[in-house]
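Work through the following exercises with the model open beside you. Each one sets a task and then gives a solution that proceeds step by step.

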Amino acid sequence: MKRSILIAAIASSGLALGATALASPPIAFKPAPAQVRAEKACQEQGVQPQGAAWELCLAHVTRAYEWNEPALAGQLANAANHARQSCQHEGLRVETPAFRDCVDREIDARSDLLILGDDTSGENVAKAQ
């Protein structure tokens with residue numbers, strides 16, 4: 001008798017939890033403000049959603065916004081676009097791991113030349129005087 005009461009209590013508790021979970025509205029994913037800004041910056045530089053170049057652009061640019069470096073974010077978005085174009089020019093297909101590696105390597109190489117700080121020009125240090 002006690003065992004059946006215990007089973008009934010557990011079952012009704014499980015039903016109550018399940019009903020509560022189903023009744024609550026789904027939690028919508030809201031990207032952080034830095035990611036939203038990064039998405040916009042990457043698109044403005046010609047990097048389109050989906051694919052390796054997009055993912056790498058978002059990773060680098062979001063981090064720059066999180067560091068409160070908007071000029072660097074713009075420079076990195078531009079570097080991601082140039083990296084994408086360069087790797088495509090080499091004949092690499094965008095869906096291949098080799099393309100992703102190429103874009104990653106190109107962004108890293110180009111980012112070594114970028115300026116940090118209060119500069120808002122978005123200029124590459126290699127082109128600056």
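**Exercise 1: the second disulfide**

The torsion about the S-S bond of Cys-87 and Cys-102 is about -90 degrees, so this disulfide is left-handed. The model in which it is found is a predicted one. Task: establish which parts of the chain the disulfide of Cys-87 and Cys-102 links, and whether its two cysteines are buried or exposed.

Solution. Begin with the bond itself: the sulfur atoms of Cys-87 and Cys-102 are 2.0 Å apart, which lies within the 2.5 Å that defines a disulfide. Next, place the two residues in the fold: Cys-87 belongs to helix H4 and Cys-102 to helix H5 (residues 97-111), so that the pair links distant parts of the chain, 15 residues apart. Finally, turn to accessibility, where buried means under 20% relative accessible area. Cys-87 has 0% relative accessibility and therefore counts as buried, and Cys-102, with a relative accessible area of 1%, is buried because that value also falls under the cut-off.

**Exercise 2: the other disulfide and the pattern**

Task: find how many disulfides the whole structure holds, and describe the one formed by Cys-42 and Cys-57.

Solution. A search of the whole structure yields two disulfides. In the one formed by Cys-42 and Cys-57, the sulfur atoms are 2.0 Å apart, and the angle of -100 degrees about the S-S bond makes the link left-handed. Cys-42 lies in helix H2 whereas Cys-57 lies in helix H3, so the pair ties together parts that are 15 residues apart in sequence. Both Cys-42 and Cys-57 are buried. When the bonded cysteines are counted along the chain, the disulfides follow the pattern 1-2, 3-4.

**Exercise 3: the two sides of H2**

Task: check the length of helix H2 (residues 33-44), and then determine where its buried residues lie around the axis.

Solution. The expected span is 1.5 Å times one less than the number of residues, so the twelve residues of H2 should span 16 Å, and the 17 Å between its end C-alpha atoms agrees with this. The buried residues of H2 are Ala-34, Ala-38, Ala-41 and Cys-42. These residues cover an arc of only 95 degrees around the axis, which puts them on the same side of H2. As background, an α-helix has 3.6 residues a turn, so residues three or four places apart point the same way. The buried residues of H2 pack against helix H3 (52-66) and H4, while the face turned away from the buried side carries the exposed residues Pro-33, Lys-40 and Glu-44. After H2 comes Gly-46, which has a positive phi, near 100 degrees.

**Exercise 4: H4 and the surroundings of Asn-81**

Task: check the length of H4, and then describe what surrounds Asn-81.

Solution. At 1.5 Å a residue, the 20 residues of H4 should span 28 Å, and its end C-alpha atoms are 29 Å apart, which agrees. The buried residues of H4 include Leu-72, Gln-75, Asn-81, Arg-84 and Cys-87, and what covers the buried residues of this helix includes H2, H3 and H5. Asn-81, in H4 (residues 70-89), has a relative accessible area of 8% and is therefore buried. The side chains of Asn-81 and Arg-84 are joined by a polar contact of 2.5 Å. If neighbours within four places in sequence are left aside, Asn-81 is in contact with Gln-45, Gly-46 and Val-47. Just after H4, Gly-91 adopts a positive phi of about 90 degrees.

Notes: Residues numbered from 1 in each chain as written. Predicted model: local features only at pLDDT ≥ 70, side-chain atom pairs only at ≥ 80, totals over all residues. Heavy atoms only, no water. Helix = DSSP H or I, 4+ residues; strand = E, 2+ residues; numbered from the N terminus. Buried < 20%, exposed > 50% of the residue type's maximum accessible area, 1.4 Å probe, protein only. Polar contact = N/O pair within 3.5 Å; in protein donor to acceptor, adjacent residues only side chain to side chain. Contact = heavy atoms within 4.5 Å. Arc of directions from axis to C-beta.
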